[in-house]
Amino acid sequence: MIVVGGEALVDLVPGAPLDSTVDGGLRALLPRMGGGPYNVALAAGRLGVPTGFLSRVSEDRFGVALVDRLHASGVDTALLQRGNEPTTLAVVALDEKGSARYTFYTEGTADRLVADPGPLPEDVTALSLGTLGMVLEPGASTYETVLRRESARGVLTVLDPNIRAALITDPAAYRARFESWLPHVRLLKISDDDTEWLAEGADPVDAAKVWTSCGVDAVVLTRGARGLSVITRAGEIAQVPSRRVDVVDTIGAGDTVQGALLAWLYSNGVRDLSTLDADGWRTALEFAAKAASITVSRSGAEPPTADDMASAV
């Protein structure tokens, strides 16, 4: 089983534009279930692989909807904790290209109060963490403990920092903490933009090579229109272009890449990334790029199902 840990929240996404004379021209905000790790779990679950979600979710109306959507996507919730704290909210602003910017409301919310579940079940073969779960305390320390413990017992550990800079009050401290995770991370999935933020302007491929020297087996770079690349300890060994689609918005695109990679690795029995050659990585990246192209053709984070993948050109 794959376990994904981190926040579940509600994105408030702009709907159709209102008349400019009404409410100052503001657009109605529509609730969409989200959160980076939550979307990763949905993506993997919808692709038909055994997936569980580790988090703390509110018992409010938003929380009920979040859990219902996990169940509908085939995600196991045995590790899910519930609380009466409110659900985290993210207000989304879209630019003319559909790229999203977020304003977060996180104070006293349920997901940041997740408790250590102890050792994960023996059938867990992969653990994926990231985004706000690795930033907001006390939950960040909890997930860090789980990361180190599961890595030590040989679980395939996967990290997507998915930087939300507005919530990182001490960038230098976060960068140092990120570096402390690297020996415990087998696969790092990260965007070009996040790489430049973490490496303070360094070229993403150069930064990825440094991170593999720190213990990471492979770094998958998501590069927008330039597609996906993978850098292993042997260097940059594979890249694939992005697929041409009409983009509605980019919400959940990187999360879909993460979930699809996890699903592909699980389905192909890959537990040790060093066993993948360039052709294997290229096939994995093509699968992830295809999944992401379906997500960006839809409003909000709506990862594809296995049937969607089979029917897509």
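This passage looks at the nonpolar cores, one helix pair and one strand residue of a predicted model. Residues are numbered from 1 along each chain as its sequence is written, and side-chain values use heavy atoms, with hydrogens and water left out. In this predicted model, local features need pLDDT of at least 70 and side-chain atom pairs count only at pLDDT 80 or more, while totals for chains, interfaces and linings use all residues.

The largest nonpolar core (buried Ala, Val, Leu, Ile, Met, Phe, Trp, Tyr and Cys residues joined through side-chain atoms within 4.5 Å; buried is under 20% relative accessible area with a 1.4 Å probe, protein chains only) has 49 residues. Tyr38, Phe53, Leu187, Leu265, Leu273 and Trp281 touch the most other members. Helix H8 (residues 278–296; helices are DSSP runs of H or I, at least four residues, and strands of E, at least two, numbered from the N terminus) gives the most to this core, with 8 residues. Apart from it lies another core, of 39 residues, including Trp181 and Val216.

As for helix packing, the axes of H1 (residues 36–46) and H7 (residues 253–267) come within 7 Å and cross at roughly 45° (axes are lines fitted to C-alpha atoms over the stretch in contact, with angles from 0 to 180 degrees between N-to-C directions). On the H1 side the contact (heavy atoms within 4.5 Å) includes Gly36 and Val40, and on the H7 side Asp255 and Leu262.

Valine 13 sits in strand E2 (residues 9–14) and is buried, at 3% relative accessible area. Beyond residues up to four places away in sequence, valine 13 touches Ala28, Leu29, Leu30, Arg32, Val92 and Ile251.

Key:
Buried < 20%, exposed > 50% of the residue type's maximum accessible area, 1.4 Å probe, protein only.
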